[in-house]
Amino acid sequence: MFGDSSARISSPYTLVRHPVFLIAVIGIAVRLCIFPFVEVGYDSDFWATIIGNIEAGEGLYGLEGYYYTPVWGYILSFMSVLQETFLNIDVMGLRVPAFFLVESYPEWFFSSTVTSVEFNFWVKVPLLISDLIIGYLVYWLIKDKTQDMRKATIGFGLWFLCPLVIFTSSISGMFDTFSVLFALLCIIMVRKDRLFLAGILFSFAVLTKFFPIYLAFLLIAYIIAKHRGGAEYRSVAKAVAGVLAGFLMLMAPQIADGTLSESVLFITTRVSGEGTAGTLLDTILSNGAAITYIIAIFVSLFLAWSLSKKSGEELDDSFFKYALLMVAVIFIFPPAPQYLVLLIPFLAIYIVTKDPKFKWSWALVSVGGAVFILGGNFVLFMSLGTFTDLMPQDHIMSMIELFQTPAFLGASPMSWIYYSAGAVQYAGILLILLLFLKAKFTGGRGENGGKAARLRRPFLSFYKQEKV
Amino acid sequence: MKIDKLVLLSVVLCAAVLAGELAAYGISPHGYGAEAVSDGDSANVTVSSSGSDTFSVIVADNGTYPDLARLYIYLDERYGETIGDAGEAAGLRDVDIRYAIDQMCRSLRVRGFGDVVICDDERLLDEMLADAGDSRSKGLLVMSYALPESIYSGQETDLLFKWIKEGGRLYWMASPIGMFCRTGDGLAEVENAQELFFGRECVSMDDSGPALSVIDGNGLTNALALKWNRTLYGLNASGIEGSVSMGYSLDGYSSVSMVPFGGGMICVFGGNYERYLCDDAAQVISSGISCYSKVLETRSGTVTRGTAELSFGIPEGTGGISVYVSIGGYYVVFGRCMHVR
């Protein structure tokens, strides 16, 4: 039924016969099945709260409930208009006394406010759309770089069927996918020389979740290198003007009403340390995020300097290599799994265009992150127990308690899942850095393939049909 | 001219985000309303919404106790100076008190209660003295942990008690009621505070997690969509004549309790300050419900892009009738208290 992945997609008919279509259908179907019934109640309660606050006329930061930069809030606002106009979601969520006990576990952020299945479904639809568009952008970028439809198809699959990406959008209901979406569009616009628009998109990406800010120096270096010979400063100025325009467009309400500090709370709390303590180790642990992010600035400057010396094909290849390295560096401070979604497109592109060995990083990050999300265990089924007859509430509560009961070495099964899954996803991040280091000290394998790589390529499954 | 499809896609996505921004801060498409009129033996209520929303209506007979017209919120400008001592003595959590008061004002405004006066020591004293003789339509909300000694010093003759006895409503949250007063020397602990307010020891000092039982006797917990399930600093009002409890309970203590005091009322909310507590307090205050209120009927329903009409019978011999409508269920987007008689 499905044709060759290297075939061109030129019409709806060829699209539905292409493996990309099958991947898309599977990815969409899996997400749609999960959307209504499985959710992280703590976060989805906040999404409902934000919509309620907006509908009450309090904007994003008037009443408490929104702690991020504004883009996701605006997307929720847009969704609330659609819901209000076309849908009948009269109950966004309920306080469920049968689950009150989950709020007594002090070490976890559990809420017994349970959002309805209708709400869960519709609030996640934008995330699906974003995932799908990102898949297309990964496909487009790989195709643009390699002219190889097969590689592009694999790249699409590595993103759209990535368990971490699926669970982040469909279980966690987290919006990191939008940050990735705007960041990729920004990169594409830089490649297309649409620099003002690229700047706007950069602001949108950073004001969704701030991590793409670490791509700023790389993007500037890319623009300078690409326009070397007189137009570099004008080009950078165009992009910076776009950044400022995007920032002002998005932050105008907060600037006007004086809630700018509330709107950057996510950034300030993530970057600031919890406090200083006596020993050097304590200081490092309590200020780990701040230290990592400061080091990352120097790394990004160094990579940008290095990138600015490249040209032509090498410039483009190096950009994606350095972007992958950069994103891996900022996650040296152990991240929440949803943050790692930013890593996946760069991994996918690098795996299929340069070095298939990175598939092990992809696997570790994907599986580790996905299992981490599933570590929420039966807490994730509270909507199912409250708004359907598919699982009794007392059964869910007893299973939650079971996962909280200390089992092995005094830790509960839930703790074990979190710690082990966290270790696996972290191993995936470290492996990226190790592979780059190994390539650096074994003759540049990766960027140009290296002699050893070229010799081994025919044995790698990704390139079975590739002409070397 | 051929338009680049990825440029078009970028523009469309940015436009969608900006449309959301416009809806949040500019031209709001969201609109809600409620009206109540009486035609003798019934109250006719209309509830309207631009979307699809659940709503609840509480019809209450408040007898001769007047409606709450003005609320004072006490701003303790020395909150930060002594929170450490108070926290150590009573397990209080430090909050940004100005932010908390701002949140309360906003929550009340959403529910249609706008006559709020934020008072420092001096202003509060002036207002309470000016109310002398009739504080029956006034309320005082304390969100911090100590009142100035000019108002409360732990004596039965204090202005605070006089003001409540003359009809005022004292709402107290996020600390043990009356445990501290503020003197010229700093913070002082009042030894017999609970006896002064309630005639016995009945305030919970036990932070043992969420209250698991729903208090559903009068239907107010559901009708007001109360959320905050903590009883720390809450009351065990059982046995106090005329008391009303709602919310959630643990070991006899309730998350919300109202008790009569002279001609006025004391309402205590359990738990440390959280956004849920702020919501609950705003609901209770805006609803106008007091311990003198008799709930005649509660009803809930759904209104979808239009108006819902409801009619409630009013028995003969009732006093002042209030109708409180809240829209949005546990995510309140609109509230309005109306007086039909």
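**From a core cysteine to the architecture of chain B**

Leaving aside residues up to four places away in sequence, A:Cys186 is in contact with A:Ala198, A:Leu201, A:Phe202 and A:Ala205. The model in which these contacts appear is a predicted one.

A:Cys186 also belongs to a wider nonpolar assembly. The largest nonpolar core holds 260 residues, and the members that touch the most others are A:Cys186, A:Leu201, A:Leu218, A:Met326 and B:Met143. Helix H8 of chain A, spanning residues 176-191, is the greatest contributor to this core and supplies 12 residues. A:Leu201 thus appears twice, as a partner of A:Cys186 and as one of the core members with the most contacts to other members.

The core member B:Met143 leads to chain B. The secondary structure of chain B comprises 8 helices and 16 strands. Its radius of gyration is 22 Å, close to the 20 Å given by the globule rule for 341 residues, so chain B is as compact as a globular protein of that length. Along the principal axes, the C-alpha atoms of chain B occupy a box of roughly 80 × 55 × 40 Å. Of the 341 residues in chain B, 51% are classed as buried. When contacts in chain B between residues at least 6 apart in sequence are considered, 73% of them link residues at least 24 apart.

The domain assignment divides chain B into three parts: domain 1 covers 1-30, domain 2 combines 32-63 with 294-341, and domain 3 runs over 64-292. Taken over C-alpha atoms, the centres of domain 1 and domain 3 of chain B are separated by 46 Å.

Technical notes: Residues are numbered from 1 along each chain as its sequence is written. Chains are lettered from A and ligands numbered from 1 in the order in which they are written. This is a predicted model: local features need pLDDT of at least 70, side-chain atom pairs count only at pLDDT 80 or more; totals for chains, interfaces and linings use all residues. A nonpolar core is a set of buried Ala, Val, Leu, Ile, Met, Phe, Trp, Tyr and Cys residues joined through C-beta atoms within 7 Å. A residue is buried if 20 or more other C-beta atoms lie within 10 Å of its own, exposed if 12 or fewer, and partly exposed in between; C-beta atoms are placed from the backbone. Helices (H or I, at least four residues) and strands (E, at least two) are DSSP runs, numbered from the N terminus. Two residues are in contact if their C-beta atoms, placed from the backbone, lie within 7 Å. The radius of gyration is taken over C-alpha atoms; the globule rule is 2.2 Å times the number of residues to the power 0.38. Domain bounds come from an automatic or database domain assignment.
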